[in-house]
Structure formats: C-alpha cells, structure tokens
Amino acid sequence: MSSGLTGQARDPRISARSDRALDDVGTSPLLLRWLDPMIKRFKIADGKLIEDGAEDCPIAVYSTPDENERRYLTETLKIDEHTLASSLDPDELARLETEEDHVAIIFKRPRNYSSADNFLFKVYSYGLFLFPNRVVIVQAAQPVPGEPAP
C-alpha cells in the first residue's frame, strides 16, 4: 500500500491508522509525522543503502513504535522492554549492552538550540540493535526540519 503523502510503501496497519488520523486532524504531513509511527526498511544494493518496504530487509527503522510494533520488537526480536523504552527516552544515559543474540547501543544526538526550548541543551534518543543478520534502529518521531513541533 502506498501513502499519498510520501509515495513510499507503507505497512497496512500504519496506513489504516493514518486514515483515522486524517479524519481527526486533517492532512498536514507534519501532524502525520507525529501521529503516524512509521517503519522504514532498507537493503544494501551495490554498496548503497536503498529504501525498500520488503519485510525481509536487513535494516529497519522504527519511528515511535506503537504497541504492536513494540510487542514484535520485544517478543519476536527479544529486545528487552527497558532497553527499548530507553531508546525513546532522552533522559536515559547512553550505553552499550550485550544480549545473547544482539548488541544494544543507546545513543543521543543533540537537538538544535531553540527559543521554544529556552535555549536548553536537548537531545534526541536512539536505540541501535545489532543482530547477526539485521540492524534495527528505534527513534522517537522528530519534527520536520524548519517546522515547529505540534
């Protein structure tokens, strides 16, 4: 299924949620970016990272995973619930953890200074989960550059 806003292949569960969100708030792409968690999948072809919606892609990026996506990450991929929550929490410390079948890296990226944040130092938080045959990245939804967060 394709999203009319981005032209990218989307997970059907997410598209259904988008339709409900559109009914409630309108068609602002910025609002959808915050309301509509996304999974982007990538493969490596000819030494380049290529976005591809196939389920078997070795790289997946989850933006603000919903309850079903969290369940998949914790039950199927065996990512610890606390570590998954830490990947979305800007107040958690950055760290490296080794698990039986993967390595978890929680890291931070600085946000731009903003008067909306009273010029305080703020960060985005990420989880990078390295498995033998796949990479999973978890992040909180972020505003589109140049536009304020809703």
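The paragraphs below lead from the nonpolar core of this predicted model to one of its strands and then to a surface patch. Residues are numbered from 1 along each chain as its sequence is written, local features need pLDDT of at least 70, side-chain atom pairs count only at pLDDT 80 or more, totals for chains, interfaces and linings use all residues, and side-chain values use heavy atoms, with hydrogens and water left out.

The largest nonpolar core (buried Ala, Val, Leu, Ile, Met, Phe, Trp, Tyr and Cys residues joined through side-chain atoms within 4.5 Å; buried means under 20% relative accessible area, exposed over 50%, partly exposed in between, with a 1.4 Å probe and protein chains only) has 13 residues, and those with the most contacts inside it include Tyr62, Phe129 and Val138. Strands β3 (59-63) and β7 (135-139) each supply at least two residues of this core, strands being DSSP runs of E with at least two residues, numbered from the N terminus. Contacts of Val138 (heavy atoms within 4.5 Å), not counting residues up to four places away in sequence, include Tyr62, Leu73, Ser87 and Phe129.

Ile105 lies in strand β5 (residues 103-110) and, with a relative accessible area of 23%, is partly exposed. Among the residues that Ile105 touches, again not counting those up to four places away in sequence, are Arg95, Tyr126 and Leu130. Ser87 is 18 residues from Ile105 in sequence, while their C-alpha atoms are 8.5 Å apart in space.

Phe121, in the loop between β5 and β6 (123-130), counts as exposed because its relative accessible area is 56%.

Terms used: Helices (H or I, at least four residues) and strands (E, at least two) are DSSP runs, numbered from the N terminus.
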